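Thanks for opening this one with me. Please have a look around the structure first, and then read my notes alongside it.

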Protein chains: 2
Amino acid sequence: MGIVVQKFGGSSVADAECIKRVAKRVGETFEEGHKVVIVVSAMGETTDYLLDLAGKITDNPPKRELDMLLATGEQQSIALLSMALDKLGYSAVSLTGQQAGIFTDHVHAKSKILWINCERLEEELTQNHIVIVAGFQGVTERNEITTLGRGGSDTSAVALAAALKADVCEIFTDVDGVYTADPRIVPDARKLETISYDEMLELASLGALVLQPRSVEVAKQFGVKIHVRSSFNHNSGTIVQEVREMKQQMEKEIVVSGVASDLNVVKFTIFDIPDVPGTASKLFSALADDMINVDMIIQSQQRDDINDISFTVTRDDREKTKEVIAKTKDIIGGRNYSYENNVAKVSVVGAGMITNPGVAAKMFETLAENDINIEMISTSEIKVSCIIKAEYAQKAVAALHSAFELGE
Amino acid sequence: MGIVVQKFGGSSVADAECIKRVAKRVGETFEEGHKVVIVVSAMGETTDYLLDLAGKITDNPPKRELDMLLATGEQQSIALLSMALDKLGYSAVSLTGQQAGIFTDHVHAKSKILWINCERLEEELTQNHIVIVAGFQGVTERNEITTLGRGGSDTSAVALAAALKADVCEIFTDVDGVYTADPRIVPDARKLETISYDEMLELASLGALVLQPRSVEVAKQFGVKIHVRSSFNHNSGTIVQEVREMKQQMEKEIVVSGVASDLNVVKFTIFDIPDVPGTASKLFSALADDMINVDMIIQSQQRDDINDISFTVTRDDREKTKEVIAKTKDIIGGRNYSYENNVAKVSVVGAGMITNPGVAAKMFETLAENDINIEMISTSEIKVSCIIKAEYAQKAVAALHSAFELGE
């Protein structure tokens, strides 16, 4: 049998009892005859505890030292899980990111995996050991400890699955899989059996954070099959894979896969920008230089040679965006700006959209029927998103879910 | 100026405030123009917390995984201390045992340092960085994380001082230095300005645990000057160094340097062992095979061809000793045995003893005058030890301290 990579998040290893439960589950997979590689995050609150400790010492810790500190969280959970497996009679070995050969770039606190040297991993697997790898961390060529940034453990798992050519990368979470909409908002939301990488990427970046977007990107690049499933039961969850493989499994073509909303949005509007070529590009270059991810952009020509420009950023980037606007004001010649926190992005996502026109029209119609005003629109090949007032977000999701007949 | 190695124990880095205080002190040493290498232990209760966590999962964790777990304690404190130094404006860099090039043997949980590859350390020192090294830990040639066992941070510090040819290895503790006796027992106990490695070794292993004996052995082997001093003040403490260097500094020759007592003793007696050559050696070989350190041994011939053998071990080893005696009973042919917890070892230590006979006699006389019965005696070139009833330990120490005129 082949290699199975399983990833358990912080809440799955929150305390000794949780760790014992995970060990039991891992043992079951091993008993089925698979070679097993486990990736774990830090125990529940550990990372926050460590950040709090650092905060008592300095409000601006060097990122290298923060990585040194935070990497201990995963090192603790891999050791404890290995002990729990030993207690159950299995031969397990825990490996830090460094020991597992996960090489990253030098950007501390949000480094990217460059390559994985699988020598040690393969050696342990050959000896039929269950291998437990610390997620979220790696090492540079200079032997410096790095971390991959928030949600990095998903990326560690998928990258390991890619490097080891694993049959599947199972991501265990506290939900059953990926749903057509957030079940807390839409009671008849349906679990998807399969979803394509691109759809998952759109949904992930839209607040349905079952999977870290970076991990889906890596999975897409290397064709890693991801299985998102619950750590509380043995039901099969949602398979994330290439769309053409999906089609073969599906009885009918599904146009829209899901509806999502995202409240982590701030809408900026800059007024009265002179309509000179390159003006907008100067603003967005300056934002990009400061690593601010701009999502939607609308330029509205109001009168001759003068424009308003609206765009959205995440709430984290709000203050930095204000600084950039202040810095570039004389370049872009803008007179004034405003921003609005009280907005939401509602999106319908579906790989089938490409070949099925009319999804956008149906979305606008549905929102209009529900008296929801659309402030901004953006479309891609597999997604239509609208910015609306935040208070209508839940109502919009429920209405769209019903209009596209996504329920059970 | 040369290199100074400073070691701070767990109580010195118990919380954020303590870590800031240590950073200030380290900064002062750096300002004096020294190249500075700092060794720290895990924060106060961290190791116990981690052991407790492991205990909730299994009562017999694999030692490799325990090392993986415990090594995180020091990794956290080095990162936090480095942050605190950065906050004060110093360029500091923290290094794990692996990064610092501390190579050990493969014996997990009590590994020994084999050699130190100083490349990275020297590179950081050349760049005028304050280098902070995780004590208590190292790495094997196979890239496995190991720990040095209890008190290993002292050993890390001394070994680093030896490898880097440091001017001095300063061990910061909660006492002012090494005293002629425990000041809690003997109020007029005097702080020693200097003490030889051998005397320190005898005192260390006698319960005056200011310094870990292993670290003193390494210091002796490589001629590392140790300065035991308080982390609460700037007084000079006690210098541990070669006896010949001491002599030059001393105005008069001191016969006895200190008096110590040790309650961590269990006395075993095995009765009626046939007096056949090699019988005793079989017992002590079996004890050695199980890593039990036997301290004092007395063989008393009671009647023809039959002996009683008494010996002492530490309390930790009591149960294991009982097991070994049970296993070897048919080999050694012993009929029965007893053990006594309620004993103490009282010792006088002094390098000057070698050339001054009569120390043992004076010790026995003093104990006799105080109606304290001696159960066992052992002597070395610089030490005389007696096993007495535990309840007389304090009285004995005070009487001997006074008899040898060690007070202020």
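The points below go from the contact between the chains to a sheet and two helices of chain A.

1. A word before you start: what you are looking at is a predicted model. Please read every value here as computed from that model.

2. Let's begin where the two chains meet. On chain A, 27 residues are in contact with 27 residues of chain B. Three helices of chain A, α1 (16-31), α2 (46-57) and α3 (63-87), each supply at least two residues of the side that touches chain B. The largest share comes from α3(A), with 14 residues.

3. What kinds of residues make up the side of chain A that touches chain B? They divide into 14 nonpolar, eight polar and five charged.

4. Next, try superposing the chains. A turn of 179° with a shift of 0.0 Å along the axis lays chain A on chain B with an RMSD of 0.3 Å. That is the relation of a two-fold axis. If you want to find the axis from chain A, go to Thr72(A): its C-alpha is the nearest to the axis in that chain, 2.5 Å from it. The same surface serves both copies, as 100% of the contact residues of chain A recur in chain B.

5. Now for a sheet in chain A. Eight strands form an open sheet with mixed pairing, in the order β3-β6-β2-β1-β9-β11-β12-β10. Its edge strands are β3 (92-95) and β10 of chain A, each of which pairs on one side only. On average, neighbouring strands of this sheet are turned by 20° against each other, direction ignored.

6. One pair is worth a visit. Strands β2 (residues 35-40) and β6 (residues 130-134) of chain A pair in the parallel sense over four bridges. Val39(A) has Val133(A) in β6(A) as its bridge partner. Helix α4 (residues 119-126) of chain A lies across β2, β3 and β6 of chain A, and runs at about 150° to β6(A).

7. Finally, is helix α6 of chain A enclosed or open? Eight of the eight residues of this helix (residues 197-204) are buried, so it is largely enclosed by the rest of the structure. Among them are Tyr197(A), Leu201(A) and Leu203(A), along with the acidic-named Asp198(A), Glu199(A) and Glu202(A).

8. What surrounds α6(A)? Its buried residues pack against β10 (194-196), α7 (213-222), β12 (238-241), β13 (258-262), β18 (343-349) and β20 (383-389) of chain A. The helix α6(A) lies across β10 and β12 of chain A, running at about 85° to β10(A).

Methods:
Residues numbered from 1 in each chain as written. Chains lettered and ligands numbered in written order. Predicted model: local features only at pLDDT ≥ 70, side-chain atom pairs only at ≥ 80, totals over all residues. Contact = placed C-beta atoms within 7 Å. Nonpolar A, V, L, I, M, F, W, Y, C, P; charged D, E, K, R; others polar. Least-squares fit on C-alpha atoms with pLDDT ≥ 70 in both. Buried ≥ 20, exposed ≤ 12 C-beta atoms within 10 Å, placed from the backbone. Pairing = 2+ DSSP bridges. Axes fitted to C-alpha atoms, helices over the stretch in contact; angles between N-to-C directions.
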